[in-house]
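These are my notebook entries on a structure that I had not examined before. I set out to look up a few matters in turn and to write down what I found.

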Amino acid sequence: MKIDIKLSGVGGQGILSIATVIGEAATAAGLQLKQAEVHGMSQRGGDVQSDLRLSTDAICSDLIPLGQADLIISMEPMEALRYLPYLAPDGAVVTASRPFVNIPNYPEEAALLAELDALPHVVRLDIDTLAREKGLPKSANMILLGMAAPSLPLLQPAQLRDAIARVFARKVDAVVNANLEAFDLGFEHAKNS
Amino acid sequence: MSEKRLLLGDEAVALGALHAGLSGVYAYPGTPSTEITEYIQQSPFARERGVRSRWCTNEKTAMEAALGMSYAGKRALVCMKHVGMNVCADAFVNAAVTGVKGGLVVLAADDPSMHSSQNEQDSRFYGKFALVPVLEPSDQQEAYDMMADAFALSESLKLPVLMRLVTRLAHSRAAVAVGEPLAQNALDPDSERTHWVLLPGNAKRQYASLVAKQPEILGLAEASAYNRLAVPTAGGLGVIASGIAYNYVREAAPAADFPLLKLSQYPLPAKQIRELAAHCSRILVVEDGQPFVEEQVRALLGADYPVCGRLTGDLPRTGELTPDCVAAALGAPCGPAFAPARNLAPRPPQLCQGCGHRDVYTALNQVAAEYPNARIFGDIGCYTLGALPPFRAIDSCVDMGASITMAKGAADAGVYPAIAVIGDSTFTHSGMTGLLDAVNDGSDITVIISDNLTTAMTGGQDSAGTHKFEAICLALGVEREHLHVVVPLPANMPEITRILREEINYHGVSVIIPQRECMQTLGRKLRQKKQQ
């Protein structure tokens with residue numbers, strides 16, 4: 001069994017932290033893993049993406065083929081749409097819904113969200129606003145991870161929570177707790193939507 | 001049982017080198033190679049062993065210093081991005097003629113598709129050019145395993161060994177089983193002078209000996225465990241897949257029920273190629289980068305044997321391979337289920353908010369607008385993004401250092417004003433010599449060294465000339481009254497534009513150094529301080 005995940009967002013939004021947590025959980029669970037990251041020039045406010053492949057069997061390609069991603073996890077709604085050609089027919093999209101507008105020709109928001117909502121499996125939420133309201137301004141990406149948790153059949157939510165605790169262990173307890181709280185918020189949202 | 005670690009391809013190379021008894025890494029930062037040296041710099045094991053790892057001024061100084069360490073009998077690694085090979089080519093090619101003592105591995109990380117580069121040259125050509133063995137790992141495990149073999153190969157052949165990565169391996173993570181570290185070599189400088197003093201008489205002997213080694217190098221590639229031929233069936237299509245391409249072939253055809261040659265060590269193993277050809281009626285060559293293997297296979301098998309690949313259009317002639325184009329070439333395409341989105345716009349990278357380069361371009365654009373014939377020659381770094389909107393400020397970006405020298409040449413031809421914009425790290429990498437030319441010629445150019453106190457584009461590595469730029473410029477002969485240091489902030493715009501105008505109006509070499517720390521490195525330092 002395998003799960004292919006496209007992670008996307010804008011440089012600096014923290015998609016690599018999401019990948020790190022899933023990678024940590026997958027490694028602890030004894031899964032095979034390959035994760036292609038983007039470093040360098042594109043990190044400067046441009047679109048960024050990472051291919052994360054988990055499997056019970058050996059993984060060949062570091063990159064996900066077109067039409068095969070089981071899941072798109074995106075910190076930004078237009079960036080979720082960018083990778084549609086990679087989404088499998090029954091694949092899910094889990095995305096933040098608030099546009100990050102740093103270009104002059106950003107599409108019209110309503111049309112963009114309508115296009116997202118027309119897809120078969122979409123979970124979206126204004127994670128930035130929720131994170132701020134709950135006093136977790138730096139943990140929006142962990143809300144998103146929580147939202148994706150029900151779509152990660154190879155990993156249990158408890159395994160992801162343990163991974164958050166390990167990944168952020170070098171930081172103070174407050175950071176770990178904020179990230180766990182954020183994860184739970186996202187998970188609840190996805191379960192109820 | 002061996003320990004497993006989750007490593008980037010770059011990190012696997014770094015750890016493989018450390019475990020192979022490395023004594024020093026020499027490198028200039030460049031995507032996608034930077035993380036190799038960073039891993040060694042941050043490794044407690046490397047610190048314990050005293051492995052030398054500070055950044056070098058450029059790839060040529062790195063290559064020469066590594067050759068010096070090899071001369072002294074110790075194992076050294078040189079890392080760079082593909083275009084760095086151009087910078088160090090003189091030292092690299094001649095290191096094959098002198099030969100080496102301690103193992104010398106040269107790692108070039110190629111960037112097909114130019115994710116962060118200005119071309120997609122294929123470093124394997126450099127290996128063939130210099131007549132040295134080339135290794136090309138297909139995955140992270142091989143990247144780790146190959147390092148010990150590469151150093152051993154280098155010492156047994158007494159030649160540098162070139163190892164080639166591509167972006168998708170350098171920057172992809174997977175679990176790697178790691179082994180026991182080997183001891184470092186003891187200090188044992190070479191005393192065989194005739195190898196090292198490349199006067200024509202010696203060089204001719206050395207070159208003849210290098211050429212005489214070629215059958216042995218070929219034999220090693222043909223016997224290499226990294227080159228594997230599998231012939232499950234015979235008759236139809238055979239595939240040659242080099243390096244990372246092997247994974248894409250396996251992805252597209254998990255059963256691999258066709259003859260398949262996995263290629264990871266060069267020179268091209270002619271024996272296996274002929275054997276493969278004998279088992280099939282045509283061959284598809286799948287390789288990331290330029291058609292290096294494909295051209296040689298064609299030459300080897302003759303014009304009548306059908307060979308396809310990038311040269312025949314079965315695979316794209318440019319850009320990196322993808323599992324999709326490889327699947328299509330194998331006749332097993334797997335297309336998208338969803339069409340590209342309608343509500344989509346490109347989101348190019350841009351200069352950070354608050355970045356000093358922004359203020360530099362704001363000032364430059366303001367002043368340049370007063371001179372309709374002004375030309376601004378750019379260089380390699382974050383500030384190359386000044387070419388994009390909203391600034392659209394630069395007219396060229398070619399290679400490290402070319403801003404100053406191109407401005408000089410254009411000024412020689414009569415372009416006025418000719419302005420160069422170069423970053424601090426790029427200036428010490430390759431700009432200083434050009435500035436000396438300009439000073440000696442009294443060229444009418446205005447040079448802006450946009451100093452953010454770091455090598456920012458690659459993630460904030462130490463910059464070789466930090467706090468030394470005024471001294472360097474003065475020593476190169478720039479006149480004191482035409483050398484200015486300013487702080488690029490919106491509040492200082494009147495001062496900066498005034499100085500720019502005055503120096504453009506001065507018909508000689510002037511240097512303006514806008515100096516303010518990179519927002520990213522500043523932010524990182526503040527966060528570190530807060531954590532402490």
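The entries below go from one chain to its partner and end with a pair of helices.

Entry 1, the model. I noted at the outset that this is a predicted model.

Entry 2, chain A as a whole. I looked up the secondary structure and found seven helices and six strands in chain A. Read from the N terminus, the elements follow the order β-α-β-β-β-α-β-α-β-α-α-α-α. I then checked the radius of gyration of chain A, which is 16 Å; the globule rule gives 16 Å for 193 residues, so chain A is as compact as a globular protein of that length. The C-alpha trace of chain A spans about 45 × 40 × 35 Å along its principal axes. I recorded that 55% of the 193 residues of chain A count as buried. I also looked at contacts in chain A between residues at least 6 apart in sequence: 65% of these join residues at least 24 apart.

Entry 3, one residue of chain A. I chose Leu54(A), which lies in strand E3 (residues 47-55) of chain A. Is Leu54(A) buried or exposed? I found 26 other C-beta atoms within 10 Å of Leu54(A), and Leu54(A) is therefore buried, the cut-off being 20 or more. Outside its neighbours within four places in sequence, Leu54(A) is in contact with Lys2(A), Ile3(A), Ala26(A), Leu31(A), Leu33(A) and Leu154(A). I also noted Gln32(A), which is 22 residues from Leu54(A) in sequence and 5.7 Å from it in space, C-alpha to C-alpha.

Entry 4, where the chains meet. I found 40 residues of chain B in contact with 40 residues of chain A. On the side of chain B that touches chain A, strand E7 (172-178), helix H12 (245-252) and helix H15 (323-329) each supply at least two residues. I sorted the residues of that side by class and obtained 22 nonpolar, 11 polar and seven charged.

Entry 5, two helices of chain B. I looked up how helix H1 (residues 9-19) and helix H2 (residues 34-42) of chain B pack: the angle is about 45°, and their axes are 8 Å apart. That angle makes H1(B) oblique to H2(B). The crossing of H1(B) past H2(B) is right-handed. On H1(B), the contact is made by Asp10(B), Glu11(B), Val13(B), Ala14(B), Leu15(B) and Leu18(B); on H2(B), by Glu35(B), Ile36(B), Tyr39(B) and Ile40(B). By class, I recorded seven nonpolar, no polar and three charged residues in the contact of H1(B) with H2(B).

Terms used:
Residues numbered from 1 in each chain as written. Chains lettered and ligands numbered in written order. Predicted model: local features only at pLDDT ≥ 70, side-chain atom pairs only at ≥ 80, totals over all residues. Axes fitted to C-alpha atoms, helices over the stretch in contact; angles between N-to-C directions. Helix = DSSP H or I, 4+ residues; strand = E, 2+ residues; numbered from the N terminus. Parallel < 35°, antiparallel > 145°, perpendicular 65-115°, else oblique. Left-handed = near helix turned anticlockwise from the far one by under 90°. Contact = placed C-beta atoms within 7 Å. Nonpolar A, V, L, I, M, F, W, Y, C, P; charged D, E, K, R; others polar. Rg over C-alpha atoms; globule rule 2.2 N^0.38 Å. Buried ≥ 20, exposed ≤ 12 C-beta atoms within 10 Å, placed from the backbone.
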